[in-house]
Amino acid sequence: MREVREAFRRFWPLTRGDRKWLLAIIGCVVVSALAETASILLFAELTDNALKSGSLDAFWSPAGAWLAVAALGALVGYLGNSLATWTAERFVLRLRAGVFRHVQDLPPHFFQKHRQGDLVERLTGDVEAIEQMVVSGVVGTVSAAFSAVFYAAAAFWLRWDLALVTFVLAPLFLLAARRFSGRVREASQDERVADGAITSVVEESLGNVVLTQAYNRQGDEAGRLDREARAWMKASVRGARLSEMYEQFVEVVETVCVLTVIGLGVWEISADRMTLGRLLAFAAFIGYLYPPVRNLGQLGLTLTAATAGAQRLNEILDAQPSVADPTAPVRAWPVRGWVGFHGVSFRYPGATRESLADVTFTASPGELVIITGASGAGKSTLSKLLTRFYDPSAGVITLDGVPLPDVPLDFLREQIALLPQETLILNGTIRENIECGRPGATDADIERVARSAAAHAFITALPEGYDTRITPVTATLSGGQLKRITIARAMLRAAPVLILDEPTAGLDSVAARQIVQPLRRLMSSRTTIMITHDLSLAPDADRILVVDEGRLVEAGSHAELVARGGMYTRLAGPVPRVLEGRVEDTLVLRV
Ligand SMILES: Nc1ncnc2c1ncn2[C@@H]1O[C@H](COP(=O)(O)OP(=O)(O)OP(=O)(O)O)[C@@H](O)[C@H]1O
């Protein structure tokens with residue numbers, strides 16, 4: 001019960017704005033119950049006055065009234081149910097949007113910890129389970145309670161002594177509901193976990209289909225799916241079995257009640273203390289009473305099932321973004337591009353050791369700073385701190401001398417164009433993919449940057465040109481071509497600071513060479529921080545920083561570091577002659 005209360009406290013505020021509609025729905029339910037009560041009483045009148053005596057005169061007036069009441073009931077029922085669906089869906093819409101917005105601000109390590117399929121399940125199944133509790137649940141409880149009170153009052157009004165006898169059996173329903181609720185919750189939680197796991201396995205397997213086929217892992221993948229599917233099947237069958245047991249038990253109790261009423265009724269009619277019409281009406285009220293009472297009992301089950309969803313959703317909502325917008329932000333200014341790391345240390349949440357320790361360096365507007373080092377040295381972590389996915393544990397990072405935590409997050413990210421290791425492609429057209437660098441850019445701007453990124457020629461050679469649809473796994477374009485699209489996107493952003501994380505990663509030497517020119521154009525007149533193992537651009541760099549185990553161990557120009565003969569020379573190895581030539585050429589171009 002405590003979980004239900006907590007879930008309500010958290011999710012009930014989302015109904016704000018729709019509460020008047022909830023009241024309207026309940027109003028419709030009350031009118032429906034009233035109409036139903038009236039029809040039963042009219043039915044009793046018809047039985048006693050028209051049916052028994054076969055009098056047509058006594059038929060017309062109650063029949064007309066019954067028809068009117070039925071029409072009113074139908075109209076109100078239609079309105080109430082349509083409104084209830086609309087309100088419930090609006091709640092789902094709002095809750096899902098809220099959770100989705102929250103998830104989008106969560107730090108990268110959250111997504112490494114949670115499997116994608118599991119998150120998908122939380123944003124779909126669990127969100128709907130909470131709606132079942134907060135909107136449909138509330139409407140259902142209030143409606144069931146009203147209906148039960150109406151029908152019970154009508155039954156008492158007809159024969160209080162008979163009604164009392166039947167109601168003695170009511171606690172049996174509550175007992176059954178209590179007995180089943182805990183076990184249903186367990187089953188429903190297991191089912192949701194298994195559901196998420198199935199989605200994850202399917203997603204991971206399909207996303208990795210090349211590895212599966214190349215290494216003949218189809219059997220293993222099928223086995224993985226089979227394990228999760230069996231867990232789901234077990235939980236789902238258990239849940240269905242429990243619900244069915246509850247249903248059947250209630251059915252039997254209902255039959256006992258109806259038979260009791262009929263038995264007593266027959267006795268009363270034989271003693272001339274009751275008419276047939278009144279007995280039928282009484283039986284009808286008792287019959288109508290069971291569904292709302294049963295719903296009330298089952299509502300307990302729905303509530304407990306929904307709290308499982310609420311707990312899983314709370315886990316997401318309780319995860320905090322690792323950075324927040326400043327409370328007293330500095331005003332936007334024309335950023336020049338001075339970047340400073342001052343004694344920066346950082347440890348990932350939950351990690352045992354620091355990924356960066358006491359890193360200090362600056363980059364001036366227009367400079368190219370290359371950061372290199374062994375794998376796992378902490379290079380990408382530097383870019384995550386500069387784009388403020390995380391804040392340092394010690395030290396401070398500045399942009400034009402302003403500490404990053406004082407800069408509004410949106411503004412900061414507008415000033416930094418990030419070209420991450422993975423080529424990030426949106427599901428959309430090539431035009432949309434480039435335009436997302438600066439929403440609202442004109443076609444002429446898009447074409448200009450595409451030309452600059454050496455992408456215009458291959459784009460226009462496609463049958464649909466800039467309107468060609470691409471996806472992250474698109475096969476129509478090569479890795480190098482996709483990279484050039486992302487370079488065009490970064491060019492369009494026209495941010496004063498550029499971060500390139502392994503720009504040539506995953507490309508063969510021909511493709512890598514094709515993006516060098518576009519990259520040089522992109523870097524010109526910006527502060528560029530390039531994280532790379534590929535040191536073919538090193539002689540161009542104003543400064544090279546060598547990182548090892550989170551520490552800055554060497555800094556200087558290519559020539560200085562080569563002369564020093566330290567770690568850099570081991571990382572760089574012999575510089576191939578061809579590359580040297582290419583660097584010379586491009587240096588001339590730069591001048
Ligand atoms: N989310 C995380 N949680 C804990 N530790 C992490 C996390 N991400 C990275 N690390 C650790 O931080 C260290 C630095 O990682 P980083 O990705 O910055 O290295 P890198 O130099 O960019 O490596 P590579 O060249 O292979 O991309 C590594 O030891 C890594 O294991």
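Which strands does helix H12 lie across, and at about what angle does H12 run to strand S1? In this predicted model, H12 lies across three named strands: S1 (339–346), S2 and S4. The helix runs at about 115° to S1.

The strands beneath this question belong to an open sheet of four strands. Their order is S2-S1-S4-S5, and the pairing is antiparallel. Strand S2 (356–363) and strand S5 (402–403) stand at the edges. Each has a single partner strand, so one side of each is left without a neighbour in the sheet. At the S5 edge, the partner is strand S4, which spans residues 394–399. S4 and S5 pair in the antiparallel sense over two bridges. Within this pairing, threonine 398 stands opposite proline 403 of S5.

Helix H12 also takes part in the surroundings of the ligand. The shell around the ligand holds 13 residues. Of these, Tyr348, Ser355, Ser375, Ser380 and Thr381 come nearest. Two elements give two or more residues to the shell: helix H4 (108–113) and helix H12 (379–386). H12 gives the most, with three residues. By class, nine residues of the shell are polar, three are nonpolar and one is charged.

Another part of the chain is described by a record. The unreviewed UniProt entry carries the annotation "transmembrane region" for residues 21–44, 64–86, 133–154, 160–177 and 249–269. Two of these spans can be compared with the model. Residues 21–44 are 100% helix and 0% strand. The end C-alpha atoms of that span are 35 Å apart. Residues 249–269 are likewise 100% helix and 0% strand. Here the end C-alpha atoms lie 30 Å apart.

Helix packing was examined for H3 and H11. Helix H3 covers residues 57–104, and helix H11 covers residues 276–318. The two pack at an angle of about 40°, with their axes 9 Å apart. H3 and H11 are therefore oblique to each other. On the H3 side, the contact is made by Val99, His102 and Val103. On the H11 side, Leu313, Ile316 and Leu317 make the contact. The residues of this contact divide into five nonpolar and one polar, with no charged residue.

How values were computed. Residues are numbered from 1 along each chain as its sequence is written. This is a predicted model: local features need pLDDT of at least 70, side-chain atom pairs count only at pLDDT 80 or more; totals for chains, interfaces and linings use all residues. A residue is near a molecule or strand if its C-beta atom, placed from the backbone, lies within 6 Å of it. Ala, Val, Leu, Ile, Met, Phe, Trp, Tyr, Cys and Pro count as nonpolar, Asp, Glu, Lys and Arg as charged, and the others, Gly among them, as polar. Two strands pair if DSSP finds at least two bridges between them. Two residues are in contact if their C-beta atoms, placed from the backbone, lie within 7 Å. Axes are lines fitted to C-alpha atoms, for helices over the stretch in contact, and angles run from 0 to 180 degrees between N-to-C directions. UniProt positions are given in the numbering used here, feature names are shortened, and annotations may be inferred rather than shown by experiment. Angles under 35 degrees count as roughly parallel, over 145 as roughly antiparallel, 65 to 115 as roughly perpendicular and the rest as oblique.
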